[in-house]
Amino acid sequence: MAATTRAPVLAGNWKMYKTMAETVVYLNEFKILTQYAEGCEIVIAPPFPALAAAAEAVQGSKIRIAAQNLHWEKEGAFTGEVSAPMLRAAGCSDVIIGHSERRQYFGETDETVNRRVRAALEGGLRPIVCVGETLAEREAGQTTDVLLRQIDRALASLTPESASPIIVAYEPVWAIGTGRTATPEIAEEAHQTLRDRVRKNLGAETAEHLRILYGGSVKPANIQGLMACPNIDGGLVGGASLEPALMAAIIHYQS
């Protein structure tokens, strides 16, 4: 189990699925399924058009709403982008940054991840910062180098105080949406690597309080094994989060 000072975070990333109407239907059911969940934080990340409807739907519950990305500027001539103040106004408390799909398809770099992280923090949003290696990088023995580079650059220029709200998500790219899941041992090793690096860069207290989530084909069948690892503090759930009952089962993994 995670250390008692680190409450687990179970977050669902819907990616490009669900309309506003579908979002409300889902959340109305999901609220009932998770109303008695204790001892963890619940985060749902719908697509941009559904954020305000989602925030309204979860009012009075413990569910937090996250965006899936943000721009590093507060406003400007950036067609198609959204800023931290806009997300806050829509009801978001969290934002996913640096997901592998953003890196793979939309030109995200370690440097732009850092700019987005700083913008989120300045705008009062909690960043969920994604890192992880590709299959080619793992097979080439580069996993540790990739993770250290990504975490160093993502958190560059931050102080222990400014970094304190951040959540990190380790997502081995080869396990996202493939049905392949890193074994608990593989995931734990990566999480330990990340925590040790944060300890070196930002100090022991920041490292001990940092929540590091595992993402990559998380489902009810494997969440218990993952959560038994001392450095795994929750999950960033993709496909399974699209079904209220499956996501609720993940949240109730201790039951």
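**Exercise 1. Describe the lining of the largest pocket by residue class, then give the pocket's volume and the residues nearest its centre.**

Step 1. The lining of the largest pocket consists of 8 nonpolar, 5 polar and 4 charged residues. Here Ala, Val, Leu, Ile, Met, Phe, Trp, Tyr, Cys and Pro count as nonpolar, Asp, Glu, Lys and Arg as charged, and the others, Gly among them, as polar.

Step 2. The model is predicted: local features need pLDDT of at least 70, side-chain atom pairs count only at pLDDT 80 or more, and totals for chains, interfaces and linings use all residues. Residues are numbered from 1 along each chain as its sequence is written, and side-chain values use heavy atoms, with hydrogens and water left out.

Step 3. The volume of the largest pocket is about 450 Å³. A pocket is an open set of points on a 1 Å grid over the protein atoms alone, with protein on both sides within 12 Å along at least five of seven lines; a cavity is a set where a 1.4 Å probe fits but cannot get out; lining residues have an atom within 4 Å of a point. Grid points are joined across faces, edges and corners, and a volume is the space filled by probe spheres set on the points.

Step 4. Of the 17 lining residues, Lys 15, Met 16, Gln 68, Arg 102 and Phe 106 lie nearest the centre of the largest pocket. Helix α4 gives the largest share, 3 residues. Helices (H or I, at least four residues) and strands (E, at least two) are DSSP runs, numbered from the N terminus.

**Exercise 2. Find the cavity and state what lines it.**

Step 1. Searching the whole structure for cavities of 30 Å³ or more gives 1. The largest cavity holds about 40 Å³ of space.

Step 2. Its lining is made of Gly 98, His 99, Ser 100, Arg 103, Cys 130, Val 131, Gly 132, Glu 171 and Val 173. At least two of the lining residues come from each of α4 (100-105) and β5 (126-131).

Step 3. Sorted by class, this lining has 3 nonpolar, 4 polar and 2 charged residues.

**Exercise 3. Describe the second largest pocket by volume and lining.**

Step 1. The second largest pocket has about 230 Å³ of volume.

Step 2. Among its 17 lining residues, Gly 177, Ser 217, Gly 238, Gly 239 and Ala 240 lie nearest the centre.

Step 3. The lining of the second largest pocket divides into 5 nonpolar, 8 polar and 4 charged residues.
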